[in-house]
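Dear colleague,

I am handing over the structure we spoke about, together with a summary of what was found in it. Please read the notes below with the model open beside them.

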Amino acid sequence: MTPAFWKDRRVLVTGHTGFKGAWLCLWLTRMGAKVSGLALEPDTDPNLWTLLGLKDVQSHICDINDASAVAACLAQEKPEIVLHLAAQPLVRRSYREPIETFATNVMGVVTLLDAIRQTPSVQSCVIVTSDKCYRNDEQVQRFGENDPMGGLDPYSASKGAAELVTTSMRHSFFAPYAAGGHPARIASARAGNVIGGGDWSEDRLIPDILRGCLGPDGRVVIRAPNSVRPWQHVLEPLRGYLMLAEHLTDKTPGADDGWNFGPDEGDTRPVIDVANAVVGALGQGQIDIQEDPNAPHEAKLLQLDSSKARQIGWAPGLDFSQTVEMTAGWYGGWSSGTSARDLCGAQIEQYMQIFGERL
């Protein structure tokens, strides 16, 4: 990544009030970018966006499918780069709210790209989907970018569909595929299971573990201890998105495609390993396994092949133990009174130093 590339760049982050979006906005502002955001209000209390207090980010609170509001935001902010993170991100909620999930995760992509193709300032756009976009038969394989899209639960299916509409819109309306198309380059990014400080979402492993560890009885309930996921710290895929956006803006041949950003093979672990590691790092909590035979379907095995990302210079910088240590350390610091902004800022700088990068 080239921090100097981002200085004074006009960047729009959709989903900026979410966990990953808030981390990304802080990182961009620390590199000197002129950041705007488009999202709904945060849906948890506490939430990282509010705790960071990023007053220099121009915040537009609206639905990603409000076409007139999206178009007005783009017209006002005139972004050069768009990083699309707005989504309904939870598998279990997708069973309760399938219409909202498909509308946000699929039509939201269409609405945004349709607005971008009418906005001359945009040079590149990264559409963030999910590692769950692949058709998962739960065989022992690592999904590569050319594997079929799919998904049985509404969330996974919506992310597979988001990849399909991204490809369709790119080839229909954007250069170099569409004759006379908008010159912006469009790519999609698929990350693994992201963890890190500042996430309080429902039905997510790390927030559930932290709520248990720091709760009155210290009990951590684990519902799927043997599910295997590609765990990674939030800064890992965010760096991938930023690097990909740089290549798109510079019109690197082949960058406008789908990309995996996942951990190394040895860091794909079962849920129980993560729970034990976080409890151990915090030094408190007791794990209580309560498997639910009637729980809605979620894939038990999911692994990514991210070797293609080496073509743009990306590789993981943190191993499993470092990822857990940083995550637990963040929550430990926050519960002891350190500000979220100081914690995130320190971890961003610590992470960038791994690659010899400086703000």
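Two strands are taken to pair if DSSP finds at least two bridges between them, and it is in this sense that Arg190 stands opposite Asn260 in β10. Please keep in mind throughout that this is a predicted model.

The seven-stranded sheet

The strand pairing just mentioned belongs to an open sheet of seven strands, which are paired in parallel and follow the order β3-β2-β1-β4-β5-β6-β10. The edge positions are taken by β3 (58–61) and β10 (258–261), and because each of these has a single partner strand, one side of each is left without a neighbour in the sheet. From one strand to the next, the twist averages 20°. At the β10 edge, the partner is strand β6 (residues 185–191), which runs parallel to β10 and is joined to it by four bridges.

Helix α2 (residues 19–30) packs on this sheet, where it touches β1 (10–14), β2 (34–39), β4 (81–84), β5 (124–128) and β6, and its direction makes about 170° with that of β1. Helix α7 (residues 154–173) lies across β5 and β6, and runs at about 165° to β6.

The α6 and α7 pair

Two packed helices are described by the angle between their axes and the distance between the axes. For helix α6 (residues 98–116) and α7, the axes come within 9 Å and cross at roughly 15°; since angles under 35 degrees count as roughly parallel, α6 is therefore roughly parallel to α7. The crossing of these two helices is right-handed. On the α6 side, the residues that meet α7 include Phe102, Val106, Val109, Val110 and Leu113, while the α7 residues they face as a group include Tyr155, Ala161, Ala162, Val165 and Met169. Sorted by class, the contact of α6 with α7 has 13 nonpolar, four polar and two charged residues.

The three-stranded sheet

A second group of strands forms an open sheet of three, in the order β7-β9-β11 and with mixed pairing. Here β7 (193–195) and β11 (268–270) stand at the edges, and since each has a single partner strand, one side of each is left without a neighbour in the sheet. The twist in this sheet averages 50° from one strand to the next.

The mixed character can be followed strand by strand. Strand β9 (residues 228–233) pairs with β7 in the parallel sense over three bridges, with Asn193 opposite Trp231 in β9 and Val194 opposite Gln232 in β9. Towards β11, by contrast, β9 runs antiparallel and is joined by three bridges, with Arg229 opposite Arg269 in β11.

How enclosed is β9 by the rest of the structure? Six of its six residues are buried, so β9 is largely enclosed. Both of its faces are covered, with Val228, Pro230 and Gln232 buried on one side and Arg229, Trp231 and His233 buried on the other. In a regular strand the side chains alternate between the two faces of the sheet. Finally, helix α10 (residues 271–282) lies across β9 and β11, and runs at about 85° to β11.

With best regards

Note on methods:
Residues are numbered from 1 along each chain as its sequence is written. This is a predicted model: local features need pLDDT of at least 70, side-chain atom pairs count only at pLDDT 80 or more; totals for chains, interfaces and linings use all residues. Side-chain values use heavy atoms; hydrogens and water are left out. Axes are lines fitted to C-alpha atoms, for helices over the stretch in contact, and angles run from 0 to 180 degrees between N-to-C directions. Contact means heavy atoms within 4.5 Å. Angles under 35 degrees count as roughly parallel, over 145 as roughly antiparallel, 65 to 115 as roughly perpendicular and the rest as oblique. A crossing is left-handed if the near helix is turned anticlockwise from the far one by less than a right angle, and right-handed if clockwise. Ala, Val, Leu, Ile, Met, Phe, Trp, Tyr, Cys and Pro count as nonpolar, Asp, Glu, Lys and Arg as charged, and the others, Gly among them, as polar. Buried means under 20% relative accessible area, exposed over 50%, partly exposed in between (1.4 Å probe, protein chains only).
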